[in-house]
Amino acid sequence: MLTLSLPDSAATQALGLKLGQSLPTGSILLLDGDLGSGKTSLVQSIGQGLGITDMIVSPTFTLINEYHTGRLPLYHLDLYRLPPAEVSNLYLDTYWEGIDFPLGIVAIEWPERLSDWPESYIHVKLQYQGEGRQATLTTQGSAQIEEMFVGWTS
């Protein structure tokens with residue numbers, strides 16, 4: 001587990017840039033936090049770190065936004081408006097298994113609505129901390145983050 005203090009929006013952006021520049025193909029980010037905690041802002045800066053020049057917007061109503069212009073494809077999913085039963089009908093595993101889509105980075109907001117979580121992922125929990133935020137990153141399976149944050153400061 002890695003806990004990072006993000007005192008301002010620039011620190012959140014720096015975290016996203018670092019992730020976008022460092023994450024390997026096939027990485028899955030499960031983004032957890034209250035409304036307004038910075039999940040979409042984090043994905044926007046991940047996209048910048050990947051070199052995506054398209055405007056990254058919240059897929060709250062479209063459910064999935066795909067970006068293919070960066071170092072790796074970015075698949076941004078927002079499950080906020082769906083009950084778990086409907087989420088399972090979307091076959092989202094095709095994004096992280098590379099079945100119908102090229103492997104890239106999958107960022108999922110509101111992952112608690114997933115009935116089946118992937119075997120390997122990075123869970124990012126964003127919480128308010130005073131004027132800023134705190135990010136807690138934990139890994140499951142083969143996902144790794146420790147090396148990319150050695151000596152990192154926001």
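In this predicted model, the residues that line the largest pocket comprise eight nonpolar, six polar and two charged. The space within this pocket amounts to about 210 Å³. Its lining is formed by 16 residues, of which Gly26, Ile28, Ser120, Tyr121 and Ser142 lie closest to the centre. Two elements, helix H4 (93-97) and strand E6 (121-129), each give two or more residues to the lining of the largest pocket.

The interior was examined next. The largest nonpolar core contains 26 residues, and within it Leu29, Leu74, Ile122 and Val124 have the most contacts. Two or more residues of this core come from each of strand E1 (2-6), helix H1 (9-22), strand E2 (28-33), helix H2 (39-50), strand E5 (105-109), E6 and strand E7 (132-140). The greatest contribution to this core is that of H2, which gives four residues. Another core, of 16 residues, lies apart from the largest one; its members include Leu30, Tyr75, Val87 and Leu92. When residues up to four places away in sequence are not counted, Leu29 touches Leu23, Ile46, Ile105, Val106, Ala107, Ile108, Ile122 and Val124. Among these partners of Leu29, Ile122 and Val124 are themselves listed with the residues that have the most contacts inside the largest core.

Helix H2 was then considered in its own right. Its length agrees with expectation, because 12 residues at 1.5 Å a residue should span 16 Å and the end C-alpha atoms of H2 are 17 Å apart. The helix is mostly covered, with nine of its 12 residues buried. These buried residues are Lys39, Thr40, Leu42, Val43, Ser45, Ile46, Gly47, Gly49 and Leu50. One of them, Ile46, is also a contact of Leu29. The cover over the buried residues of H2 includes H1, E2, strand E4 (74-78), E5 and E6. Just after H2, the backbone at Gly51 adopts a positive phi of about 85°.

A positive phi is also found at Trp110, where the value is about 65° although Trp110 is not a glycine. This residue is placed in the loop between E5 and E6. Trp110 has a relative accessibility of 12% and therefore counts as buried, the cut-off for burial being under 20%. The two strands that flank this loop are among the elements that give two or more residues to the largest nonpolar core, and both are included in the cover over the buried residues of H2.

How values were computed
Residues are numbered from 1 along each chain as its sequence is written. This is a predicted model: local features need pLDDT of at least 70, side-chain atom pairs count only at pLDDT 80 or more; totals for chains, interfaces and linings use all residues. Side-chain values use heavy atoms; hydrogens and water are left out. On a 1 Å grid over the protein atoms alone, a cavity is a set of points where a 1.4 Å probe fits but cannot get out, and a pocket is an open set with protein on both sides within 12 Å along at least five of seven lines; lining residues have an atom within 4 Å of a point. Grid points are joined across faces, edges and corners, and a volume is the space filled by probe spheres set on the points. Ala, Val, Leu, Ile, Met, Phe, Trp, Tyr, Cys and Pro count as nonpolar, Asp, Glu, Lys and Arg as charged, and the others, Gly among them, as polar. A nonpolar core is a set of buried Ala, Val, Leu, Ile, Met, Phe, Trp, Tyr and Cys residues joined through side-chain atoms within 4.5 Å. Buried means under 20% relative accessible area, exposed over 50%, partly exposed in between (1.4 Å probe, protein chains only). Contact means heavy atoms within 4.5 Å. The expected span of a helix is 1.5 Å times one less than its number of residues.
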